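Reader: I want to question the labels on this model. Please show it first.

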Amino acid sequence: MTFRSETSAVPSIILNDGNVIPKLGFGVFQVSETETSATVTAALEAGYRSIDTAALYGNEAEVGHAIREFGLPRDEVFVTTKLRNSDQGYDSTLQAFETSMQKLGLDYLDLYLIHWPVPSADRFVDTYRAFQALKAQGRIGSIGVSNFNRDHLERLIAETGETPAVNQIELHPSLAQPELRAFHAEHGIATEAWAPLGQGAELKDPTITGIAQEIGRSPAQVIIRWHLQLGNVVIPKSVTPSRIQENFDVFSFELTTEQMQIISALDTATRVGPDPAVFAVGLEN
Ligand code: NAD
């Protein structure tokens, strides 16, 4: 049940559990139920072999449907979903996993992530223990987290004895996350970048558009290439087929060391999303 990277045009990285994940995947946050099937199909047609969804996105059923209809062997698509905040806790996680799998219509999952740490609820360690049990049963290939800060990771590692395979975090040129990336590298955690294009905002940055013009590439391609060369796993989203293809066409050019440094210098530690240290949406009731 390991993803067979040799069947894909996208380079992969090896996770700390020995499984492989494509370096470029496709995100479906805020893609409506009606759009999801066509959008995921367009991504698979363009060559993406990794799809990132979440229980919270409300489109797991459509993602699963599109993947099954496309008809690739199961081990040629890497599927990620995430446990929503309100389902944290040991038993509730086991139940939520079954619900997600029923919606996806798949018999195993490649990667399951705790969507947010929600430190105020203090349930992420128990949640992760349920992830470990599901992995031991062979229901999930790899387990990891999302939006975990260094202190959350340190506690998880200390209390479960296991280092997550992936931490999916907000990461783009305005929020380059150098310290957290260094911590990941030290501990063998793969860094996966969400909002890799700053949800579109970074595409208008004059430094980015300048480099794009200079090398005859689009701003989105320049930023995706910056992620890949930093060693990030990257999951841009678009619902427009031409952009879906454009964002995939990033393996035939390279940024120079100087261009990489210029983009990294845009870091102002500015988030487009919530602060993981305090975010607790979904747990109000
Ligand atoms: P993104 O940075 O991928 O930006 C997407 C937006 O950029 C699109 O809606 C579109 O407006 C624009 N865009 C994309 N390609 C373009 C192109 N070639 N030209 C012009 N404009 C273009 O933002 P995102 O969707 O928030 O993040 C990507 C994925 O990360 C999500 O779909 C989701 O799977 C994941 N995510 C995870 C979390 C989390 O908490 N773990 C949070 C947000 C997103």
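Reader: What makes β6, helix α4 and β7 a right-handed β-α-β unit?

Author: The path does. A crossover is right-handed if, with the strands pointing away from the viewer, the path from the first strand over the helix to the second runs clockwise. Strand β6, helix α4 (residues 124–136) and β7 make such a unit, and its hand is right. β7 then enters a second right-handed β-α-β unit, with helix α5 (residues 150–160) and β8. Helices here are DSSP runs of H or I with at least four residues, strands are runs of E with at least two, and both are numbered from the N terminus.

Reader: What kind of model is this, and how are residues numbered?

Author: This is a predicted model, where local features need pLDDT of at least 70, side-chain atom pairs count only at pLDDT 80 or more, and totals for chains, interfaces and linings use all residues. Residues are numbered from 1 along each chain as its sequence is written, and side-chain values use heavy atoms, with hydrogens and water left out.

Reader: How do you know that β6 and β7 pair?

Author: Count the bridges. Two strands pair if DSSP finds at least two bridges between them. Strand β6 (residues 109–114) and β7 are joined by five bridges and run parallel, so by that rule they pair. In this pairing Y112 stands opposite I143 of β7.

Reader: And how many bridges link β7 to β8?

Author: Two, in the parallel sense, with β8 covering residues 166–170. There, S146 stands opposite Q168 in β8.

Reader: What makes β7 a mostly covered strand?

Author: Seven of its seven residues, 140–146, are buried. Buried means under 20% relative accessible area, exposed over 50%, partly exposed in between (1.4 Å probe, protein chains only).

Reader: Where does β7 sit in the sheet?

Author: The order is β3-β4-β5-β6-β7-β8-β9-β10, an open sheet of eight strands with parallel pairing.

Reader: Why are β3 and β10 called edge strands?

Author: β3 (26–27) and β10 (233–234) each pair on one side only.

Reader: Why does A193 count as buried?

Author: Its relative accessibility is 0%. That value falls under the limit, so A193 is buried. A193 belongs to strand β9 (residues 190–194). Contact means heavy atoms within 4.5 Å. Beyond its neighbours within four places in sequence, A193 contacts I169, L171, H227, N232, V233, V234 and I235. One of these partners, H227, is 34 residues away from A193 in sequence, with 7.8 Å from C-alpha to C-alpha.

Reader: What does the record say about Y57?

Author: UniProt places the feature "active site" there, in an unreviewed entry. UniProt positions use the numbering here, feature names are shortened, and annotations may be inferred rather than shown by experiment.

Reader: Why is Y57 called buried?

Author: Y57 has a relative accessible area of 16%, so it is classed as buried. Y57 lies in the loop between β4 (50–52) and α2 (60–70). Not counting residues up to four places away in sequence, Y57 touches V28, F29, D52, K82 and H115.

Reader: Which residues of α2 are buried, and what covers them?

Author: The buried ones are E60, E62, V63, G64, A66 and I67. Their cover includes α1 (33–46), β4, β5 (78–83) and α3 (90–104). After α2 comes G71, with a positive phi near 85 degrees.

Reader: What is notable about the phi of N147?

Author: N147 has a positive phi of about 65 degrees, yet it is not a glycine. N147 sits in the loop between β7 and α5. Its relative accessible area is 3%, so N147 is buried. A195, also not a glycine, has a positive phi of about 50 degrees. A195 lies in the loop between β9 and α7, and at 11% relative accessible area it is buried.

Reader: Which residues come nearest to the ligand?

Author: D52, S146, Q168, L197 and Q199, of the 27 residues around the ligand. A residue is near a molecule if one of its heavy atoms lies within 4 Å of it.

Reader: What makes the approach of Q199 a polar contact?

Author: A polar contact is a pair of N or O atoms within 3.5 Å; within protein, one must be able to donate a hydrogen and the other to accept it, and residues adjacent in sequence count only if both atoms are side-chain atoms. A polar side-chain atom of Q199 lies 2.7 Å from a ligand oxygen atom, so the pair meets the distance limit. Polar backbone atoms also approach ligand oxygen atoms: P196 at 3.2 Å and K237 at 3.0 Å.
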